[in-house]
Amino acid sequence: MTRTAPPDVPPIQDTVVHIAAAGLACTAGKRVVLRDVDFAVRRGEMLALVGANGSGKSTLLRALAGIRRPAAGEVLLDDAPLRRLSARRRARAVALVGQEEAPPADLIVGEMVALGRTPHRPPWAGGDAAERAAVLAALDQVGLGYAVDHPVEQLSGGERRRALLARGLAQQSPLLLLDEPTNHLDLRHQLGLLRTVRGLGNTVVVAIHDLDLAATFCDRIAVLHNGTLLTIGTPEEALTPAVIHDAFGVLATPVTHPITGRAHLLFSADETEPHP
Amino acid sequence: MLLVLLAASAVVSAGFGAEPLPWSTVVDALANRLTGATGDAMFDVIVWEIRVPRTLLAIVVGAGLAVAGTGIQTLVRNPLADPYLLGVSAGASVGATAVITFGVLTAAGLWALSVGALLGALGAALLVFGVAMAQGGLTPLRLVLIGTVLSAAFSAVASFLVFRSANPQAAQAVLFWLLGSLSGAAWNQLPLVAGAVVVIGGVLVSGSGWLDALATSPDTAAALGVPVRAVRSGLFVLLAALVGVLVAVAGSIGFVGLVLPHISRMLVGARHRAVLPVAALAGAVFLVWVDVAARIAVRPTEIPLSVVTGLIGAPVFLVLMARRHYRFGADR
């Protein structure tokens with residue numbers, strides 16, 4: 001875990017609340033997936049959602065994107081209830097790139113990214129030069145400009161993730177919600193993708209498993225555990241050994257990197273915990 | 001190119017039939033009609049009153065089936081879906097069988113069969129829609145299952161009606177109707193069918209951006225601002241109406257709605273803006289020639305269209321499956 005942000009990371013732009021969850025709860029059938037989640041994300045901030053599998057990260061992102069109706073509570077976008085927005089206006093304000101998305105294999109990469117323009121055009125329009133320019137710009141941001149005319153099925157797993165991110169970028173919404181965008185990426189592309197996202201200046205909420213990456217790139221970290229918000233704060237505040245033990249059931253030992261001087265966490269199994 | 005092929009097919013196909021005509025005679029008869037000149041009266045009747053409406057109906061029904069197949073494959077996100085998945089054709093068969101075997105709707109006269117089929121189709125569609133909504137919405141898997149189950153039930157009812165019928169000819173008539181035929185083509189039914197195909201096809205094309213997103217995944221579509229529930233309901237209603245009309249005039253012709261969308265996607269990619277018109281044109285050309293084959297294969301009797309489409313369609317589908325680079329719109 002790194003305690004200091006890298007120098008190329010811009011500071012938080014201001015303290016205006018962009019999106020907030022107020023007493024949010026979600027259920028799947030009778031099972032409560034999320035309950036009593038309260039937090040606010042400031043404009044231009046990058047917030048990491050961390051937590052064990054099944055802790056509710058994806059559900060929370062879907063609720064924030066307005067595609068999952070909360071059982072209780074409310075999502076507030078710019079201080080107004082998100083549910084009052086029409087689907088199209090909502091999609092112009094919030095872009096979600098999901099975790100399990102498998103783009104249709106018949107599509108060309110450029111066509112797939114152009115889906116991100118859907119909220120900006122009537123359903124009968126599309127395919128014009130302006131759209132092509134927006135698609136190319138989004139692909140260039142993730143370093144995939146060369147693949148615009150390739151079939152999606154010829155992309156590698158990592159390229160697919162980046163193409164999906166490009167679709168989210170083509171949506172040109174100020175708020176970006178990303179569900180494990182670094183899955184299937186090698187180390188270099190994990191860093192590159194998060195650096196790209198960080199450099200956009202958008203408000204970003206990103207679900208991520210790697211605590212080190214979360215601490216390196218995000219302003220604050222929200223730790224979810226069994227559907228509740230365990231804690232939220234700067235990486236130093238949120239990722240304490242006690243919180244990590246509660247959320248993940250592992251022991252964390254802070255150490256200092258011998259060369260960079262940054263703080264990292266070493267993990268070891270808690271032998272007192274029953275092995276899953 | 002498809003348009004040229006379609007126009008040529010339409011003219012040439014009018015030459016084939018129980019009474020073969022050289023295509024110059026066909027052109028003469030058409031030219032005489034269009035210019036108001038008088039030609040040979042017998043050829044005029046054959047071409048203008050029998051062959052031309054039949055060819056036009058083949059064009060319209062072929063296009064409509066291909067459009068409906070494309071729409072249904074997007075609605076249920078399943079490459080094996082065909083237009084009859086929604087229970088519409090099985091419901092239509094109940095209506096048609098009731099007309100054939102028990103003579104209900106005799107008040108409708110010549111239209112009884114079509115009206116009965118249409119009523120059966122719409123009733124079945126309503127039932128599928130209602131059951132799906134009651135169970136939580138028009139999700140792809142639920143629609144596939146409910147459509148399949150209710151289709152089986154409707155087919156059972158139709159079989160029961162045939163079984164109970166005292167008329168030995170009824171089974172033959174029902175079978176012929178079920179397998180599809182354009183032999184009842186007449187000018188007066190064309191406007192309704194053509195109107196349904198053009199209007200509903202037009203609506204689908206104008207919603208192609210939303211259909212593209214829906215084909216990707218319902219969640220993605222929702223996140224992209226597509227009103228998923230409304231689009232699904234609208235798509236269901238449009239497709240049920242379209243298929244109901246097509247089944248009412250031509251019976252259930254198999255394979256066109258299943259195979260043509262795939263062929264179209266292989267030609268022009270996955271975007272509905274391109275897939276729908278190409279599928280419609282290809283379906284029109286295909287059914288014109290299928291109908292020709294049905295007319296001349298065992299002259300002077302006609303064979304049902306599904307016999308021809310099945311014999312052509314099954315191998316075509318297998319060849320498509322063997323082509324590894326085409327993925328049927330699915331990822332894995």
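**View 1. What packs over helix H9 of chain A.** In this predicted model, the cover over the buried residues of H9(A) includes three kinds of neighbour worth picking out: helices H7 (211-217) and H8 (235-238), the strands S9 (220-225) and S10 (228-233), and the strands S11 (250-256) and S12 (263-269), each from chain A. The residues being covered are A:Val243, A:Ile244 and A:Ala247, the buried ones of H9 (residues 241-248). Look down the axis of H9(A) and these buried residues fall within an arc of 95°, so they line one face of the helix. Just after H9(A) comes A:Gly249, with a positive phi near 70°.

**View 2. Where chain A meets chain B.** Here 30 residues of chain A are in contact with 27 residues of chain B. Between them the two chains bury about 2300 Å², and carbon and sulfur atoms account for 53% of that. Keep an eye on A:Asp106, A:Leu115 and A:Pro123: this trio supplies 26% of the area that chain A buries against chain B, more than any other three residues.

**View 3. A salt bridge between the chains.** A:Arg62 pairs up with B:Asp219 in a salt bridge, and their closest N and O atoms sit 2.1 Å apart. Chain A and chain B share two salt bridges in total, along with seven residue pairs in polar contact, both partners at pLDDT 80 or more.

**View 4. The chain A side of the interface.** Helix H2 (87-93), strand S6 (94-97) and helix H5 (157-170) are the elements of chain A that each give two or more residues to the side touching chain B. H2(A) gives the most, with four residues. Sorted by class, this side of chain A has 15 nonpolar, five polar and ten charged residues.

Terms used
Residues are numbered from 1 along each chain as its sequence is written. Chains are lettered from A and ligands numbered from 1 in the order in which they are written. This is a predicted model: local features need pLDDT of at least 70, side-chain atom pairs count only at pLDDT 80 or more; totals for chains, interfaces and linings use all residues. Side-chain values use heavy atoms; hydrogens and water are left out. Buried means under 20% relative accessible area, exposed over 50%, partly exposed in between (1.4 Å probe, protein chains only). The arc is that of the directions from the helix axis to the C-beta atoms. Contact means heavy atoms within 4.5 Å. Buried area is the accessible area (1.4 Å probe) that two parts lose on being put together, summed over both. A salt bridge is a side-chain nitrogen of Lys or Arg within 4 Å of a carboxyl oxygen of Asp or Glu. A polar contact is a pair of N or O atoms within 3.5 Å; within protein, one must be able to donate a hydrogen and the other to accept it, and residues adjacent in sequence count only if both atoms are side-chain atoms. Ala, Val, Leu, Ile, Met, Phe, Trp, Tyr, Cys and Pro count as nonpolar, Asp, Glu, Lys and Arg as charged, and the others, Gly among them, as polar.
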